[in-house]
Amino acid sequence: MTAGIRVQDLAKAYDARPVFRGLSLDVAPGEFVALLGPSGAGKTTLLRCMTRSLDADRGQIWLAGHAMHELRNGALASARRDIGFVFQQFNLVQRRSALENALAGRLASVPLWRILSGRYERGDLRAAEHALARVGLRDRSQTRADCLSGGQQQRVAIARALVQGSKVLLADEPVASLDPRSARDVLGIMRSIAHDDGLAVLCSLHQHDLAAEYADRVVAIGDLLRPVGRPS
Ligand SMILES: Nc1ncnc2c1ncn2[C@@H]1O[C@H](COP(=O)(O)OP(=O)(O)OP(=O)(O)O)[C@@H](O)[C@H]1O
């Protein structure tokens, strides 16, 4: 199955009120796709269904070769390690350094005692330093997250996904709370990790101009739905 992102015929309703029905979407490895839609159209709901933090009512989801719709418990947790997430709120540990936050991408593969004692393997440290350099933060590795700007924190979140070795990156409004310059920096980095590292990147945005400038393809959530009347 696809190494990127494939969603087929997805449906989700809250309390019998449908958010979407018959939604299908493909993102190839190496492709950066922007997902647009007015407020309330269901972008966050779609991304949450894709990671299974919310269960869809129907449909199939493949991420990085994993049939997410079939997985439970440990198998789901293991599949999620191949998927990076970036949110509007940066979700960093504020009292920890940029380097330690990037290293969190290795949490699943590092023994607990090493994390608690702060003694990481040289290879893990090198991977985190390399990822921070990729996002332009080589000289900020020892800076605490709460002393970084919003744009820098979002770049650390992307570095964490790189350290994790993610094959798919899902981003929910990652630049919504950033100034225009930082927003462009972050989108440029996301485009580069799609093109240069081969990740399939799906990013919800509400700024049409930025989407058109940075994404390989812009999709409106309404255009992903099966036309009304077509049999399911
Ligand atoms: N937990 C919930 N229970 C009931 N309805 C919900 C829930 N979460 C979202 N909704 C509704 O589902 C619809 C889609 O919401 P969602 O947050 O996915 O949209 P969105 O496109 O991400 O919006 P925004 O751009 O404002 O973040 C909205 O009408 C919202 O009110």
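Biologist: How do α6 and α7 lie, roughly parallel or not roughly parallel to each other?
Modeller: Their axes cross at roughly 15 degrees, so α6 and α7 are roughly parallel (an angle under 35 degrees). This is a predicted model, where local features need pLDDT of at least 70 and side-chain atom pairs pLDDT 80 or more, while totals for chains, interfaces and linings use all residues. Residues are numbered from 1 along each chain as its sequence is written.

Biologist: Which residues are those helices, and within what distance do the axes come?
Modeller: Helix α6 covers residues 150–163 and helix α7 residues 180–197, and their axes come within 9 Å. Axes are lines fitted to C-alpha atoms over the stretch in contact, with angles from 0 to 180 degrees between N-to-C directions. Helices are DSSP runs of H or I, at least four residues, and strands are E runs of at least two, numbered from the N terminus.

Biologist: Which residues make the contact?
Modeller: From α6, Gly150, Gly151, Gln154, Arg155, Ile158 and Leu162. From α7, Ser182, Asp185, Val186, Ile189, Met190 and Ile193. Contact is C-beta atoms, placed from the backbone, within 7 Å.

Biologist: Switching to the sheet. What is the strand order?
Modeller: The open sheet of five strands runs β6-β7-β8-β3-β9, with parallel pairing (at least two DSSP bridges between strands). At the edges are β6 (83–87) and β9 (217–220), each pairing on one side only.

Biologist: How many bridges join β3 to β9?
Modeller: Four bridges link β3, residues 32–36, to β9. In one of the pairings, Val33 has Arg217 of β9 as its bridge partner.

Biologist: And which strands does α7 touch?
Modeller: α7 packs on the sheet against β3, β7 (168–172) and β8 (200–204). The direction of α7 makes about 155 degrees with that of β8.

Biologist: What about β1 and β4, parallel or antiparallel?
Modeller: Antiparallel: five bridges join β1 (residues 5–14) to β4 (residues 58–63). Gln8 stands opposite Gln60 in β4.

Biologist: What else does β4 pair with?
Modeller: β5, residues 66–67, in the antiparallel sense over two bridges. Trp62 faces Ala67 in β5. β4 and β5 form a hairpin with two residues between them, and Ala64 in the turn has a positive phi of about 50 degrees.

Biologist: Last topic, the ligand. Which residues are around it?
Modeller: Tyr14, Val19, Gly37, Ser39, Gly40, Ala41, Gly42, Lys43, Thr44 and Thr45. The cut-off is a C-beta atom, placed from the backbone, within 6 Å of the molecule.

Biologist: Which helix gives the most to that shell?
Modeller: Helix α1, residues 43–51, with three residues.

Key: Angles under 35 degrees count as roughly parallel, over 145 as roughly antiparallel, 65 to 115 as roughly perpendicular and the rest as oblique. Two residues are in contact if their C-beta atoms, placed from the backbone, lie within 7 Å.
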